[in-house]
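Work through the exercises below with the coordinates loaded. Each task is followed by a solution in steps.

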Amino acid sequence: MQEFDAIRPYSDEETGTAINKLVRDPEFLDMIGRFKSPTLAKWAPAILRLWVRRWLINHFAGIARVDDLQARLSGYVGELVDNTTTRVTHSGLENLNKHCAHLFISNHRDIVFDPMVVNYLLFANGFKTTRIAIGDNLLANRVFAEMMRLNKSFVVRRNMTSPREMRDAYIMLSSFINHSIDNNESIWIAQREGRAKSGLDFTDPAIIKMFYMSRKKSGLGFGDAMNRLHIVPVSIAYEYDPCDMDKARELETRARTGEYIKREGEDTDQIMKGLTGFKGHVHVHFGAPIADAEENPKELAARIDREMHANYHLHTSNLVAYQQRGIHPDSHATRESVSDAVVTAEAWSPAEIEAAEAEMERRLDACDPAIRPYLLDMYANPVVTALEAHNGKPDSPTEHS
């Protein structure tokens with residue numbers, strides 16, 4: 001693994017040392033303290049820091065393997081999931097082999113909760129957890145970077161200017177992903193760079209192309225190389241997005257000014273909001289592993305998209321936004337017509353629809369008027385793509401504004 005030192009997660013041999021450094025890191029202790037007791041963190045941070053350090057040493061000292069750390073953390077992850085969702089459901093796991101590594105390609109709505117909920121479900125159902133691809137922009141927070149490397153995360157470099165630097169980085173990333181799968185370590189990676197803030201989930205063919213870069217010289221054809229990765233399209237559906245207003249504000253700013261400049265610490269703030277904010281019902285669908293991959297990246301990306309859209313679990317929030325936004329010729333669709341057309345739509349009751357309408361109105365009332373259309377789009381667009389997938393229409397990543 002030495003050739004991947006620049007991007008790889010911590011190994012078992014490095015785990016104990018990394019944990020011991022973290023439990024003595026004041027910044028890390030303060031962060032855990034804010035989770036444990038926000039009030040005490042504000043009024044007595046030094047006392048809370050001491051208590052957190054003792055608690056961490058009692059619960060995590062002596063752990064020397066990554067899998068043991070994740071097993072110890074699983075209960076706390078379960079509490080976080082229970083406290084921020086009404087329920088978490090899943091489908092498709094019966095299609096996966098517990099003794100085989102998979103490349104999970106997922107839509108991307110939340111920076112940390114997306115891979116966390118996938119690993120939470122895999123772990124709870126007897127599967128090995130995945131190695132997680134994260135952008136190097138998230139490494140600006142030193143403590144967060146350490147935590148992620150302990151949690152099987154590896155680095156995807158971004159914002160490279162030199163074509164040669166970009167090629168070398170992508171070849172290393174491709175080699176690491178293929179090396180992981182060959183050694184029975186599953187991978188989670190988002191379908192494109194950055195979150196889908198508009199609710200439109202489309203795979204970047206460049207990511208699919210990257211998977212093949214390290215295999216080219218071997219003489220293995222593209223389709224055969226992709227089949228060896230056991231690609232699983234994953235659809236993650238949140239009833240409510242804790243960061244929806246922030247995303248809508250960014251989209252409106254980009255549309256109005258042509259750019260959006262992140263403020264310092266924005267990624268960290270949105271990580272915390274995404275982890276601790278209310279999400280309602282979360283459903284994760286695991287597609288069947290692709291064993292007959294297309295022979296070029298664009299066609300394989302389109303196939304992944306079709307499967308994601310067809311299996312995206314629609315919530316009441318999606319239907320309510322779809323009806324209110326009126327962005328589709330069938331914008332007056334009822335819950336019955338959507339449920340009949342799309343297998344991932346539930347048979348919602350009038351009371352559920354009424355509750356969703358009230359919640360959507362509450363969110364819209366809290367928004368500046370200029371960003372409300374973007375927030376509605378965010379929830380409505382999954383209905384559009386699901387209906388297009390059902391009707392066999394070609395998908396097109398069009399922003400509705």
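The exercises go from the whole chain to its cores and then to single residues.

The model is predicted, so local features need pLDDT of at least 70 and side-chain atom pairs count only at pLDDT 80 or more, while totals for chains, interfaces and linings use all residues. Residues are numbered from 1 along each chain as its sequence is written, and side-chain values use heavy atoms, with hydrogens and water left out.

**Exercise 1. Overall dimensions**

Task: Compare the radius of gyration of the protein chain with that of a compact globule of 401 residues.

Solution. Step 1: take the radius over C-alpha atoms, and apply the globule rule, 2.2 Å times the number of residues to the power 0.38. Step 2: for 401 residues the rule gives a value near 21 Å, and the protein chain has 21 Å, so the two agree. Step 3: add the extents of the C-alpha trace, which spans about 65 × 60 × 45 Å along its principal axes.

**Exercise 2. Composition, surface and charge**

Task: Describe the protein chain by its helices and strands, its buried residues, its accessible surface and its charges.

Solution. Step 1: assign helices (H or I, at least four residues) and strands (E, at least two) as DSSP runs, numbered from the N terminus. This gives 17 helices and seven strands. Step 2: classify residues by relative accessible area, where buried means under 20%, exposed over 50%, and partly exposed in between (1.4 Å probe, protein chains only). Buried residues account for 52% of the 401. Step 3: compute accessible areas by the Shrake-Rupley method with a 1.4 Å probe, counting for residues only the protein chains shown as cover. The total is about 18700 Å², and 51% of that belongs to carbon and sulfur atoms. Step 4: count Lys and Arg as positive and Asp and Glu as negative, leaving out His and the chain ends. Each charge is placed at NZ of Lys, CZ of Arg, CG of Asp or CD of Glu. The 48 positive and 57 negative charges have mean positions 6 Å apart.

**Exercise 3. Contacts along the sequence**

Task: Among contacts between residues at least 6 apart in sequence, what percentage joins residues at least 24 apart?

Solution. Step 1: call two residues in contact when they have heavy atoms within 4.5 Å. Step 2: of the contacts in the protein chain that pass the 6-residue filter, 77% join residues at least 24 apart.

**Exercise 4. The nonpolar cores**

Task: Find the largest nonpolar core and the elements that give two or more residues to it.

Solution. Step 1: collect buried Ala, Val, Leu, Ile, Met, Phe, Trp, Tyr and Cys residues joined through side-chain atoms within 4.5 Å. Step 2: the largest set has 32 residues, and L103, I189, F211 and M226 touch the most other members. Step 3: the elements giving two or more residues include strand 2 (103-106), strand 5 (187-190) and helix 10 (222-229). Helix 9 gives five residues, the largest share. Step 4: a second, separate core has 30 residues, among them L96, M116, V118 and L121.

**Exercise 5. Residues in strand 2 and helix 6**

Task: Which residues do S106 and V117 touch, beyond four places in sequence?

Solution. Step 1: S106 lies in strand 2 and is buried, with a relative accessible area of 0%. Its contacts are W188, I189, A190, Q191, V234, I236 and M308. Step 2: V117 is in helix 6 (residues 113-124) and is also buried, at 0%. V117 contacts V88, I236 and V284.

**Exercise 6. Positive phi in loops**

Task: Is N159 buried or exposed, and where is H230 found?

Solution. Step 1: N159 sits in the loop between strand 4 and helix 8, with phi near 55°, a positive value in a residue other than glycine. Its relative accessible area of 72% makes N159 exposed. Step 2: H230 is found in the loop between helix 10 and strand 6 (231-238). H230 has a positive phi of about 55° and is partly exposed, at 27%.

**Exercise 7. An enclosed helix**

Task: Why is helix 14 (residues 316-325) described as largely enclosed by the rest of the structure?

Solution. Step 1: list its buried residues, which are T316, S317, N318, L319, V320, A321 and Y322. Step 2: helix 14 is largely enclosed because seven of its ten residues are buried.
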